[in-house]
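I opened the notebook to go through one chain by location and look up a few local features. The entries are kept short.

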Amino acid sequence: MTNSWTDIKNADLIIVMGGNAAEAHPVGFKWAIEAMEKRKARLISVDPRFNRTSAVADIYAPIRNGTDIAFLGGVINWLLANDKIHHDYVKFNTDATFLTKPEFKLENGIFSGYDEAKRRYDKSSWGYQLDENGYVKVDESMQDPLCVYQQLKKHYSRYTPEMVSKICGTPQDKFIKICEMLGEMSAPDKTSTILYALGWTQHSVGSQNIRTMAMIQLLLGNMGRPGGGVNALRGHSNVQGVTDMNAYAEVFSGYLSAPRDGDDSYEKYMARCTPKPMRPNQLNYWSNFPKFFNSLMKAYYGKAATKENNFCYDWLPKLEGGFDTMHMFELMHQGKMNGFITQGFNPLATVPNKNKLSTALSKLKYLVSIDPLETETAEFWQNFGPFNDVKPEDIQTEVFRLPSNCFAEEEGSLTNSSRVLIWKEEATPLPAEAKVDSEIVARLFMRLREMYAKDGGALPEPIANLAWDYVLPNVPSSKELLREINGKAITDLLAPADPNNPDAPRAVVAKAGQQVSGFAMLRDDGSTSCGNWLYSGCWTEAGNLTARRDLSDPTGWGVFPNFGFAWPANRRILYNRASSDKDGKPWAPNKKYEYWNGKAWTGADVPDMAPAVAPEVGMGSFIMNPEGVARLHAIGMAEGPFPEHYEPFETPIGVNPLHPDNPKALNNPAARVFKGDMEAFGKKEEFPYSATTYRLTEHFHTWTKHARLNAVLQPEAFVEISEELAKEKGIRHGDSVKVSSNRGHIVTKAVVTKRIKPWDCNDQKVHLVGIPFHWGFKGQTKNGYIANTLTPFVGDANSQTPEFKAFLVNIEKV
């Protein structure tokens with residue numbers, strides 16, 4: 001979230017797309033209802049189904065699943081064609097004036113630099129022209145055909161209302177009405193917000209779905225402002241926390257890029273990760289990367305991490321390629337993995353292509369499940385009839401189950417969608433032999449370290465020297481861990497030298513051993529340690545700020561500054577310098593948030609800006625980017641600097657209407673496809689219906705089928721189809737149906753509903769099969785098939801999030 005749950009109440013327009021907030025986030029959705037009741041805000045719902053959000057929306061527009069970029073690209077085209085953008089905001093806060101390289105182009109759906117054999121781009125033709133000082137060349141008039149603004153207009157001119165309707169199946173009148181409603185939000189005294197969730201991320205173009213909406217919000221001037229932003233609705237109270245701590249291979253805690261195979265020296269790694277400013281007078285905050293990284297290494301390795309050994313950089317793995325979930329299971333499927341530890345994760349039920357996963361798990365020597373519940377993954381080797389038809393005698397994988405805790409059975413912090421860390425108490429003691437996750441991991445580590453000390457092993461130094469300074473080494477407390485994450489001074493920290501009097505005595509700002517007050521105190525010389533720079537400030541010498549529960553809201557903006565701790569620096573709206581114009585004045589009196597008072601930046605929130613830098617210096621609002629502005633042209637994306645519509649890998653229309661003559665531009669050309677998975681994709685001739693998975697209010701993921709009350713409310717799996725499709729197939733409400741994809745089938749009950757309608761796309765009728773995914777063969781609900789038996793093993797080209805939301809099936813009455 002760029003903003004927060006509580007800020008939604010400040011919006012004048014709310015669009016819910018790529019999610020179903022009323023269903024999946026029923027408590028947080030109250031802030032949307034409050035905006036509607038108290039501000040008379042309007043609500044837009046765009047979704048393949050008429051859902052619970054649609055039921056309270058001012059306007060609902062249907063959209064074929066997997067076509068969001070076509071819809072949003074059409075919005076961009078409409079805003080530009082009808083001059084409904086916030087011009088002053090766009091010129092100051094985006095790269096619209098920047099000149100792109102003349103060799104950059106898009107030809108028949110493929111950007112310049114594409115390598116078909118590698119399914120990746122050489123990006124050397126992307127990006128900006130630079131002058132002799134390394135600064136971006138600009139055209140303030142925005143008339144040069146190579147400036148980003150003109151390139152953007154050219155790119156999206158093809159996304160006409162007619163083309164949007166052809167691809168998405170959205171009626172043109174509804175699409176144009178939504179464009180008009182969004183266009184009104186370009187006025188300085190208006191702001192709109194977007195609420196999205198897994199309906200955008202779980203596509204082979206998921207990251208670009210989200211970026212396209214961010215571009216719309218930039219054009220409207222709605223980023224960094226109250227009631228604006230792009231708000232990711234997390235599906236779990238701590239999904240944001242696990243993301244921030246980065247429990248995956250490519251990124252360290254705090255989104256620090258991990259070393260790659262080519263980073264064979266500390267100096268090369270630092271050069272890659274520490275950008276130089278691309279425009280004069282920019283804050284370029286990632287220039288602090290060495291401070292954050294070296295402090296993290298001090299938290300990892302303590303005294304062993306020194307300036308002389310580059311803070312133990314050589315001990316870190318330098319991975320070649322991604323090690324995301326699907327890549328892990330691909331390696332397992334190839335027989336290249338001996339053991340697998342799954343913690344708080346049920347991959348057999350929640351990773352695509354269940355049959356491939358089952359085969360992969362069968363090739364392991366051992367599987368460890370750390371979970372409070374009996375999961376399908378831990379029981380993959382048992383035969384549950386048609387729901388899991390395996391031969392246990394053929395599976396040699398040894399399974400260890402280590403019972404852990406549910407969230408209510410330990411104290412600690414959660415980080416919610418609003419980036420707010422909230423401390424919670426233990427509500428109930430652990431049952432029987434269960435232990436909290438941190439204790440299980442700690443005991444495993446201590447045992448491993450003993451084995452290394454006794455028996456040796458390849459590269460024992462990182463294990464032997466890992467800092468482990470807890471009162472009880474086998475049972476580190478949540479308080480100790482959060483204090484470690486916040487960071488501390490290792491030696492006395494002195495205030496910066498006075499540039500006008502460098503020889504003057506410098507005050508001690510933190511004594512050795514004290515908690516640092518925030519990430520601004522972190523140093524690159526080994527004098528500080530910090531487990532996550534973004535969380536620095538959450539537990540200072542003042543105490544545990546995540547335990548604060550003050551509900552006062554002095555400004556009325558819903559900031560609640562003394563409730564918990566929001567990263568970074570307790571800031572509730574990111575990029576909030578953009579809530580004022582280039583001169584530091586609020587865009588409108590009714591949206592006054594952060595502003596320049598003549599001496600400093602001040603307002604309702606912690607300013608996202610160097611607090612004493614005056615507006616006339618020209619420092620941009622988007623301080624994390626070396627150019628100081630937000631990017632409409634973004635070379636960091638795998639499949640192109642401008643989002644382009646590509647069909648799902650299993651497309652129900654068989655062609656990309658934007659590029660009907662180029663099959664190479666049918667699907668995302670940069671998405672990774674493993675050997676054998678391309679052949680496992682289904683075709684519309686055999687599997688003619690589009691399908692999507694989704695969640696219900698009455699269940700949470702695959703957890704709550706173990707809870708009796710939830711099992712009573714939603715006891716049995718089902719799929720939803722339209723009355724039109726039911727009539728075609730001779731299916732009645734409540735009938736048993738077989739739903740098949742090219743990877744397997746499920747048998748379940750049919751719910752025939754008016755809430756799903758077929759689309760008219762590319763002169764074809766396209767039907768949807770909706771598949772709630774909560775059930776399986778463990779728990780108190782009726783045993784059933786795993787929905788992810790059906791889904792394809794392919795993901796987003798940037799995050800590798802699987803494409804659960806758009807695939808092909810057939811459906812037949814049993």
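The entries below cover a helix, a cavity, some cysteines and a few backbone angles.

**Entry 1: model.** I note at the start that this is a predicted model.

**Entry 2: helix H12.** I looked up helix H12, which takes in residues 289-301. I checked its length against the rise of 1.5 Å a residue: its 13 residues should span 18 Å, and the end C-alpha atoms are 18 Å apart, so the two agree.

Next I asked how many of the 13 residues of H12 are buried. The count is 11, so the helix is largely enclosed by the rest of the structure. I listed the buried residues of H12 as Phe289, Pro290, Phe292, Phe293, Asn294, Ser295, Leu296, Met297, Lys298, Ala299 and Tyr301. I note that Lys298 and Asn294 are among them.

What do these buried residues pack against? I found three helices' worth of entries to write down, H11 (266-273), H17 (461-464) and H18 (478-486). The strands in the list are S10 (251-252), S11 (256-257) and S20 (528-529). Just after H12, I read a positive phi of about 55° at Gly302.

**Entry 3: cavity.** I searched for cavities of 30 Å³ or more and the count came to 1. Its volume is about 80 Å³. The lining has 13 residues, and those closest to the centre are Ala717, Ile746, Pro772, Tyr785 and Ala787. Strands S27 (718-722), S29 (744-753) and S32 (768-772) each give two or more residues to the lining. I put S29 down for the largest share, with 3 residues. Sorted by class, the lining has 11 nonpolar and 2 polar residues, and no charged ones.

**Entry 4: Glu439.** I looked up Glu439, which is in helix H16 (residues 437-455). Is this residue buried or exposed? Its relative accessibility is 11%, so I entered Glu439 as buried. Leaving aside neighbours within four places in sequence, I found Glu439 in contact with Asn474 and Val475.

**Entry 5: cysteines.** I searched the whole structure for disulfides and found 0. For Cys312, the nearest cysteine sulfur is that of Cys530, 17 Å away. Cys312 is buried, with a relative accessible area of 2%.

I then turned to Cys530 and asked which cysteine sulfur is closest to its own. That sulfur is in Cys538, at 8.5 Å, which is too far for a bond; the cut-off for a disulfide is 2.5 Å. Cys530 also counts as buried, at 1% relative accessibility.

**Entry 6: cis peptide.** I found a cis peptide bond from Trp567 to Pro568, with omega near -5°. Pro568 is in the loop between strand S23 (565-566) and strand S24 (594-596).

**Entry 7: positive phi outside glycine.** I noted Asp83, which is not a glycine but has a positive phi of about 55°. Asp83 is in the loop between helix H3 (68-81) and helix H4 (87-93). Its relative accessibility is 48%, so I entered Asp83 as partly exposed.

I also noted Asn353, again not a glycine, with a positive phi of about 60°. The loop that holds Asn353 runs between helix H14 (347-350) and helix H15 (354-361). With a relative accessible area of 8%, Asn353 is buried.

Note on methods:
Residues are numbered from 1 along each chain as its sequence is written. This is a predicted model: local features need pLDDT of at least 70, side-chain atom pairs count only at pLDDT 80 or more; totals for chains, interfaces and linings use all residues. Side-chain values use heavy atoms; hydrogens and water are left out. Helices (H or I, at least four residues) and strands (E, at least two) are DSSP runs, numbered from the N terminus. The expected span of a helix is 1.5 Å times one less than its number of residues. Buried means under 20% relative accessible area, exposed over 50%, partly exposed in between (1.4 Å probe, protein chains only). Contact means heavy atoms within 4.5 Å. On a 1 Å grid over the protein atoms alone, a cavity is a set of points where a 1.4 Å probe fits but cannot get out, and a pocket is an open set with protein on both sides within 12 Å along at least five of seven lines; lining residues have an atom within 4 Å of a point. Grid points are joined across faces, edges and corners, and a volume is the space filled by probe spheres set on the points. Ala, Val, Leu, Ile, Met, Phe, Trp, Tyr, Cys and Pro count as nonpolar, Asp, Glu, Lys and Arg as charged, and the others, Gly among them, as polar.
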